[in-house]
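Biologist: Could you take me through the side-chain packing and the strand pairing of this chain, one question at a time?

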Amino acid sequence: QMLLSMLLVAKCLLSGGAGLAGGNPLLTLMGETFPPWDKIEARHVVPAAKELLRRSKADLERLEAAVSKPDFKPSVETLLRPYDNLGEALYRAYGVVDHLKSVRDSPELREAIDKIRPDIIRFGDTVGQSKSLLAAFNQLKEDAEAFGHLSGPQKRLVQLTLQSFRLNGVDLEGAVFKEFNNITQELSSLQDKFSTNVLDSTKQWTKLVKSAEVLKGIPDASLQLMAAAALKSTSKKSAALPQMLNRSSENASSGPYLLTLDAPCVSAVMTYAENAALREEVYNASIAIASELAGPDNTAVLERLLALRQRRAEILGFSSFAELAMQTKMATQEKADKLLEDLRTIAYPKAQEELKALRSFAAKEGFQGELKHWDMSIWARREAEALYDLDPEALRPFFPLDRCLEGLFGLAADLFDVKVVPAEGPKWHKDVRLFELRHKSQSTTGYVYMDLYTRPEDKKAGAWQVSVVNYDHDTATKPVACVVANIRPPPAGEQALLSFDELHTLFHEFGHALQATLTTQQEKSLAGVASEWDAVELPSQFMEYWLDETDIVVKGIARHYQTGEALPKEKLEMIKAYSKHHAGMGMLGQIHMSLLDLDVHSNPLAPGESPHDREVSFATQRKTKLLPGLPQDRFLNHFSHIFAGGYAAGYYSYKWADVLSADAFSMFEEFGATSSGRKGQKQQRKIGGRFAATVLAEGGGRKAEAVFESFRGRPPSPEALLRYALEAGKLQFSSDARPTAIQG
């Protein structure tokens, strides 16, 4: 199929459904509302894939035969629709099992997916390199009358499909054609191996601590989680973590405790543990994940990935993989690099000031010597507490999960006239929740699963959103999205208490889900999260601004989960200030990863140059880090976003899209929609409706910049981002420092 379909397989942005046929629940996923998660087993994968491949190949043969007839006339009915349907059931089934691998991993499921992946990739290559289908699309494009009758999105679909044929290597012949397809296969396998190695390496490191004294300073809730992990590791019976948390309450004060590289554990140690030696040990373990220092080692995997991506680009006539990747983005490489460099010139001196102030604060508090990497988080937290009289851990009782969801869903209702209500359906784990979205409280627009708690034994780290059923206007199929996170689970019978960062994650991922479920795009391959890749973070980051730049959402959430006491107004103000503490260092970190990604995908590693060597030299040359890298740091070995997550030569998208999201939010500000009261609510609904009708509804039916301009009324500007992120709105920028690269 077109390149988009291939990328969907790699990035897990695939669809799914539910049903049963011949005892195999993967064979009739089409037409049902939800996948039967609780019935799908690893043994179903290979037989279902073989049968769905057989059907897909037959469909392809019929379509190729039809378009090859002398009297064939291309149209929506004879070409666009049947082409769009090719392999749909196959890709839906693959998306479902690939999602299960991320949230309910097992050796059997890994093995099954490894068996079917090559044939699925091969089918995608066959479709994407079909010369008869290419000829049919060219015929449609060149037929002025037929092409003129297409809608705007349909015309764009034709243009994108023709581009995908070229990027799929349709013009290649002979040995280079075979090499190109072999590269496609190997890249898919390597990306999966990279992700698996990160998960396995993360799970392998543990540290059993018997004395609570070693963990002095760590909050009780985190100690209880560590004690529960210790109980679970020694228990002969398999028990869920919330039940273990109940049993571990008395162990929280005495131990033992099991430390892991799971995010809640690492964060607790780095931010609160007074034992510097312990912080150093955990920090060093976390930066060595999936390397020769803590296998399985991803060094050879990522080196091969980079080499194959470069070779693929060269075969297609591009100078680098970054240049190839930019063919389907809003930005060009030059514009992306310019935006990042312009932001770096502003963030770097601010970050230097922040580090200088932090060192001074630590010295005044009695710290001796230079702050090390493992000292940064704890001293940053102490400095912020002193500046803002705010302990982030003490805020958790004011952000119970249920009320956070109420605030999130209430915002969606106020902005987009969408009611979110609990729904019933099959689930892959008992802690998963399911919600239905109703437009104007009546018609169903889609569904959202939420899998929010960490399960380090079988669930990938991080947070993400994935669509398992995509919107289909023709069949009235409702989209189904999954929001996945790894927050600290509560004891059984209680609800989770979120940190402000975790609240951000919840709003961010739900922003993606809103774009997936509120789409009205009639061309299904362009519906939902289908804009250019560097614009997909616009809705997600937009939702986060409602937590930071106005208090109307947070003050509605922030009440103590036991007493109902509202968080004092002065504390609400401090939360906003606290969230921007070390904003320069935070932005510089994002810029470092973005520029490094572009660099490794533009300039191949030299003979004998290791990935670590490249990062160290790059950070020095481009001034993207304040502290020199440690010899044991192997960041690229677990940089899953660019080696396994679809962001290769695209990590800059977070900053690029943040220009859009900040600018979008500033429109609400300008029209008084960020204030409480009747007038503010009226403006929220008015401007929110405009945002929903463009950014959330249109998907990839038009170029992302055109969609944004329809909402904003002008091209995007970076001024709001600078004002929000760095409080730089009142600064005067010279014309060469002003980040205008995204415009035009």
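Modeller: What follows is a set of questions and answers on a predicted model.

Biologist: How many aromatic pairs does a search of the whole structure find?
Modeller: The model is predicted, and the count comes from a search that takes in the whole structure. That search gives a total for aromatic pairs of 34.

Biologist: Are the rings of Phe542 and Phe691 stacked or edge-to-face?
Modeller: Planes under 30 degrees apart count as stacked, and those over 60 as edge-to-face. The planes of Phe542 and Phe691 are at 20° and the ring centres are 4.3 Å apart, so this pair is stacked.

Biologist: Which helices does the pair of Phe542 and Phe691 link, and are the two residues buried or exposed?
Modeller: Phe542 and Phe691 are both buried. The two residues lie 149 residues apart, so to speak of a link between distant parts of the chain is apt, with Phe542 in helix 21 (residues 538–548) and Phe691 in helix 28 (residues 678–696). The helices asked for are helix 21 and helix 28.

Biologist: What is the angle between the planes of Trp546 and Phe665, and where do these residues lie?
Modeller: Trp546 is in helix 21 and Phe665 in helix 27 (residues 653–670), 119 residues apart, and the pair links distant parts of the chain. Trp546 has a relative accessible area of 0% and is buried, and Phe665 is buried as well, with a relative accessible area of 0%. The two rings form an edge-to-face pair, with 5.0 Å from centre to centre and an angle between the planes of 85°.

Biologist: Which residues do ring pairs link into a cluster?
Modeller: The cluster takes in Phe542 and Phe691 as well as Trp546 and Phe665. Its other members are Phe416, Tyr545, Phe668, Phe711 and Tyr724.

Biologist: The charged end of which residue sits over the ring of Tyr348, and which sits over the ring of Phe147?
Modeller: Over the ring of Tyr348, at 5.7 Å from its centre, sits the charged end of Arg344. Over the ring of Phe147, at 5.2 Å from its centre, the charged end is that of Lys141.

Biologist: Which residues touch the most other members of the largest nonpolar core?
Modeller: The largest nonpolar core has 154 residues, and apart from it lies another core, of 60 residues, which includes Leu27, Leu109, Val432 and Tyr449. Phe510 has contacts with Leu408, Phe409, Ala412, Val420, Val448, Met450 and Val483, when residues up to four places away in sequence are not counted. Within the largest core, the residues that touch the most other members are Met226, Phe399, Phe416, Met450, Phe510 and Phe542.

Biologist: Which side chain forms a polar contact with that of Asn181?
Modeller: Asn181 is found in helix 9 (residues 174–204), where it is buried, with a relative accessible area of 15%. When neighbours within four places in sequence are left aside, Asn181 is in contact with Asp125 and Gln129. The polar contact, at 2.6 Å between side chains, is with Gln129.

Biologist: How many bridges join strand 4 to strand 5, and how many join strand 3 to strand 4?
Modeller: Strand 3 (residues 418–422) and strand 4 (residues 433–439) run antiparallel and are joined by 5 bridges, with Val421 opposite Glu436 in strand 4. Arg438 stands opposite Thr444 in strand 5. Strand 4 and strand 5 (residues 443–453) also run antiparallel, and the number of bridges between them is 7.

Biologist: Why is strand 7 described as largely enclosed by the rest of the structure?
Modeller: Val480, Cys482, Val484 and Asn486 point one way from strand 7, while Ala481, Val483, Ala485 and Ile487 point the other way, and all are buried. Val480, for instance, is buried with a relative accessible area of 1%, and it touches residues including Thr33, Phe34, Tyr447 and Val468. Strand 7 is largely enclosed because its buried residues number 8 of the 8.

Biologist: Which strand runs parallel to strand 7, and which runs antiparallel to it?
Modeller: On the antiparallel side of the question, strand 6 (residues 464–469) is joined to strand 7 by 5 bridges, and Trp464 stands opposite Val484 in strand 7. In the parallel case there are 6 bridges, and Met450 has Val483 in strand 7 as its bridge partner. The antiparallel partner is therefore strand 6 and the parallel one strand 5.

How values were computed
Residues numbered from 1 in each chain as written. Predicted model: local features only at pLDDT ≥ 70, side-chain atom pairs only at ≥ 80, totals over all residues. Heavy atoms only, no water. Phe/Tyr/Trp six-rings, centres within 6.5 Å; stacked < 30°, edge-to-face > 60°. Helix = DSSP H or I, 4+ residues; strand = E, 2+ residues; numbered from the N terminus. Buried < 20%, exposed > 50% of the residue type's maximum accessible area, 1.4 Å probe, protein only. Lys NZ or Arg CZ within 6 Å of the ring centre and 35° of its normal. Core = buried A, V, L, I, M, F, W, Y, C linked by side-chain atoms within 4.5 Å. Contact = heavy atoms within 4.5 Å. Polar contact = N/O pair within 3.5 Å; in protein donor to acceptor, adjacent residues only side chain to side chain. Pairing = 2+ DSSP bridges.
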